[in-house]
Amino acid sequence: MNATALTMPVPATAVPAANKADNRSAYISFAAAFILGHGSAALSKDADPVLSLPAWAPLTLLGAGIVTGLVLTMRAGARAKRGADQSELLAEKLVGTSWATGFIALALAITGVSTAFDLPELQDVLWPAGSALVVGLINLAEGAVRRNTLHYGLGTWLALIASASLFLDTPGVYSVLAIAGGAGYVVAAILERRRLAA
């Protein structure tokens, strides 16, 4: 006796609510942080610097852009999560906690390497490149969870340029992050309008 299996259409899964977030203003803020913060560091962190800046100036520019970008990201995410189901909210919480995990792990790794080899100057390149690497990897995860290929692509770009920058000297690391990282965020901001319209 042959049993005929009834074929039922597989329901299409809805696009995650967080994928509907408009990240343009956050991308622009992160672009400014990379260009101004890392750019000013690149110009002031050489034996013969182009700019004579106090050490806090590039950090302040970078921090101001990043904090603004984080606030804008959280605001856009909160608006987009309205109506999200429980599994989406859980996925977002898990991805959200990966930021703390990633940066705690990075701090331990940088402290361990610079201490074990007695090279505290390594922190000058490991912190900016390592931070961009962690941001890139988490953006990859967010892009995968949200099925947002633009965010996934941005994460890929950041992870690759951050890692590749370590082949350069200190000003070179900052230059790559300022130019290539800042450009990545600018391109993402431009493409975000098209992604949302699709």
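How far apart should the ends of helix 2 lie at 1.5 Å a residue, and how far apart are its end C-alpha atoms? Helix 2 covers residues 56-80, and its 25 residues should span 36 Å; the end C-alpha atoms are 35 Å apart, which agrees. The expected span here is 1.5 Å times one less than the number of residues. Helices in this talk are DSSP runs (H or I, at least four residues), numbered from the N terminus.

Before I continue, some notes on the model. This is a predicted model, in which local features need pLDDT of at least 70 and side-chain atom pairs count only at pLDDT 80 or more, while totals for chains, interfaces and linings use all residues. Residues are numbered from 1 along each chain as its sequence is written, and side-chain values use heavy atoms, with hydrogens and water left out.

The pLDDT is the predictor's confidence in each residue, from 0 to 100. The protein chain averages 89, and 91% of the residues score at least 70. Among the elements of the chain, helix 5 has the highest mean pLDDT, at 97, and helix 2 the lowest, at 90. Over residues 8-12 the pLDDT stays under 50, and the model has zero contacts beyond four places in sequence for this stretch. A contact means heavy atoms within 4.5 Å.

I return to helix 2. Its buried residues are A57, P58, L62, G65, G69, A76, G77 and A80. Buried means under 20% relative accessible area, with exposed over 50% and partly exposed in between, for a 1.4 Å probe and protein chains only. These buried residues pack against helix 1.

Let us turn to the interior. A nonpolar core is a set of buried Ala, Val, Leu, Ile, Met, Phe, Trp, Tyr and Cys residues joined through side-chain atoms within 4.5 Å. The largest such core has 20 residues, of which Y27, F34, L154, L158, L177 and Y185 touch the most other members. At least two core residues come from each of helix 1 (24-44), helix 4 (123-146), helix 5 (149-165) and helix 6 (170-197). Which helix gives the most to this core? Helix 6 does, with six residues. As general background, nonpolar side chains in soluble globular proteins tend to be buried together.

Consider L158, one of the core residues just named. Leaving aside residues up to four places away in sequence, L158 touches F34, A132, V135, G136, N139, G181 and Y185.

The aromatic residues come next. The whole structure contains four aromatic pairs. Rings of Phe, Tyr and Trp (its six-membered ring) pair if their centres lie within 6.5 Å; planes under 30 degrees apart count as stacked, over 60 as edge-to-face and the rest as tilted. Y27 and Y185 make a tilted pair, with 6.2 Å from centre to centre and 45° between the planes. Because Y27 lies in helix 1 and Y185 in helix 6, the pair ties together parts that are 158 residues apart in sequence. Both Y27 and Y185 are buried. Ring pairs also link Y27, F30, F34 and Y185 into a cluster.

My next topic is charge. A salt bridge is a side-chain nitrogen of Lys or Arg within 4 Å of a carboxyl oxygen of Asp or Glu. How many does the structure hold? There are four salt bridges. In one of them, R146 pairs with E92, and their closest N and O atoms are 2.7 Å apart. This pair links distant parts of the chain, since R146 is in helix 4 and E92 is in helix 3 (residues 86-116), 54 residues apart. R146 is buried, with a relative accessible area of 15%, and E92 counts as buried at 11%.

R146 also forms a salt bridge with E142, at 3.9 Å from N to O. These two residues both lie in helix 4, four residues apart, or about one turn of the helix. E142 is buried too, with a relative accessible area of 9%.

In helix 6, E192 and R195 are three residues apart, about one turn of the helix, and their side chains meet in a salt bridge of 2.8 Å, N to O. E192 has a relative accessible area of 0% and is buried; R195 is buried at 18%. Salt bridges that share partners join E92, E142 and R146 into one network.

I close with V125, a residue of helix 4. Is V125 buried or exposed? At 13% relative accessibility, V125 counts as buried. Beyond four places in sequence, V125 touches G130, L166, T170 and V173. V125 and P171 are 46 residues apart in sequence, and their C-alpha atoms are 8.8 Å apart in space.
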